[in-house]
Amino acid sequence: MFPSRRVRLLSAAAVAAALTLTACSTGSSDTVGESAASTSGPSLTLVGYAVPKNGWDAIGAAFTSTENGDNVTINADYGASGNQSRKVADGAPADIVNFSVEPDVTRLVKAGKVDEAWNQNAYGGVPFGSVVSIVTRPGNPKNIRTWEDLIRPDVQVISPSPLSSGSAKWNLLAPYASVSNGGQDRQAGLDYVTELVKHFPVQPDSGRSASEAFLQGQGDVLLSYENEALLLEGQGQPVEHIVPDQTFRIDNPVAVVNSSANLEQANALNDYLYTADGQKIWADSGFRPVDPAVAADYTDKFPTPQKLYTIDDLGGWAAVDSDLFGENGAINAIYKASS
């Protein structure tokens, strides 16, 4: 289920500014698309997690050039996925949301802000995704290539906190699934995570702030989305990345808020994400497209791991969140104990 040739990137100076701007836990405002600010028509508010900003910039510019997006302004509010979800549940304005993990949308379903059928399209409400990757310093000086390498005594790892960040959950699920053989040996997976968190020198609140910490020199390796690694490399940042032989598929959901004052335009924007043009934009921005026809054109860009675990391999998000990341979840308990 997923894979342009060219990524639409910010300048090197703007990159550093963007990394700093979007790292705050309260979110940051932005206008999506290059010409949107000059329009006077309907205004949509996108509330999302920080990492896919570059993709939304390209999507916004393209959508506002279509008939359905003509004269539409798209304003974005970025931050850590869990924090963003809770903010919308508490009443923050939003027309469309893009979170790192499905439970952050489920929270809005329970709050009555997103319809229960939000994920009933052909792709489960997920227009793009990625895989968990290992990001190192140039030349990979410590030769870090496997999950076991992360728990060597000489290695420090940068990854955000699962208490606020959806990307942190994916980052931990990848080695957990690999070590536990897809959850069959739960204790082996938990023992690995217990050891891994001892190698976390800091606890950033989002995937983007974790990238910023790594670029500022903290840690030997960064756990991150493949798309984030591709973006940093394309910007000329001093990093390189590895897709491990065994890793985890990342599904990033998008949903329309049912109380939107511009519901027609919000639905049109959501629909555009799944069009061939929209899928190519996501691919060109470093995200794995979900349309197989588009993905077939990007096999060189997005390597196929030997084993790609999915959330379904672990019983789905309801089971995983309850068992591992919920209030009494085993991984959350491990992480809190290490704080």
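Which residues line the second largest cavity? This is a predicted model, and the tour begins inside it.

**Stop 1: the cavity.** Select Tyr49, Ala50, Val51, Gly79, Ala80, Ser81, Ser100, Ser165, Gly166, Ser167, Ser206 and Gly207; these residues line the second largest cavity. The space they enclose has a volume of about 50 Å³. Colour the lining by class and 4 nonpolar and 8 polar residues appear, with no charged residues.

**Stop 2: a ring pair.** The structure holds 10 aromatic pairs. For one of them, select Phe128 and Phe287, which meet edge-to-face, with 4.9 Å centre to centre and 70° between the planes. Phe128 belongs to strand S5 (residues 128-136), while Phe287 sits in the loop between helix H10 (276-284) and strand S11 (288-289), so the pair ties together parts that are 159 residues apart in sequence. Both Phe128 and Phe287 are buried. Now add Trp56 and Trp282 to the selection: with Phe128 and Phe287 they form one aromatic cluster.

**Stop 3: a second ring pair.** Move to Phe200 and Tyr335, an aromatic pair that is tilted, at 6.2 Å centre to centre with 50° between the planes. This pair, too, links distant parts of the chain, 135 residues apart: Phe200 is in the loop between helix H6 (186-196) and helix H7 (207-215), and Tyr335 is in helix H13 (residues 330-338). Are these rings buried or exposed? Phe200 has a relative accessible area of 11%, under the 20% limit, and therefore counts as buried. Tyr335 is buried as well, at 1% relative accessibility.

**Stop 4: charges over rings.** Select Arg137 and Phe214. The charged end of Arg137 sits over the ring of Phe214, 3.7 Å from the ring centre. Then select Lys307 and Tyr309, where Lys307 lies over the face of Tyr309, at 5.1 Å from the ring centre.

**Stop 5: helix H12.** Show residues 317-325, which make up helix H12, and pick out Trp317, Val320, Asp321, Leu324 and Phe325, which are buried. Where do they fall when you look down the axis of H12? The buried residues of H12 lie within an arc of 100°, so they line one face of the helix. An α-helix has 3.6 residues a turn, so residues three or four places apart point the same way. To finish, turn H12 over and select Ala318 and Ser322, exposed residues on the face turned away from the buried side.

Methods
Residues are numbered from 1 along each chain as its sequence is written. This is a predicted model: local features need pLDDT of at least 70, side-chain atom pairs count only at pLDDT 80 or more; totals for chains, interfaces and linings use all residues. Side-chain values use heavy atoms; hydrogens and water are left out. On a 1 Å grid over the protein atoms alone, a cavity is a set of points where a 1.4 Å probe fits but cannot get out, and a pocket is an open set with protein on both sides within 12 Å along at least five of seven lines; lining residues have an atom within 4 Å of a point. Grid points are joined across faces, edges and corners, and a volume is the space filled by probe spheres set on the points. Ala, Val, Leu, Ile, Met, Phe, Trp, Tyr, Cys and Pro count as nonpolar, Asp, Glu, Lys and Arg as charged, and the others, Gly among them, as polar. Rings of Phe, Tyr and Trp (its six-membered ring) pair if their centres lie within 6.5 Å; planes under 30 degrees apart count as stacked, over 60 as edge-to-face and the rest as tilted. Helices (H or I, at least four residues) and strands (E, at least two) are DSSP runs, numbered from the N terminus. Buried means under 20% relative accessible area, exposed over 50%, partly exposed in between (1.4 Å probe, protein chains only). A charge sits over a ring if NZ of Lys or CZ of Arg is within 6 Å of the ring centre and within 35 degrees of the ring normal. The arc is that of the directions from the helix axis to the C-beta atoms.
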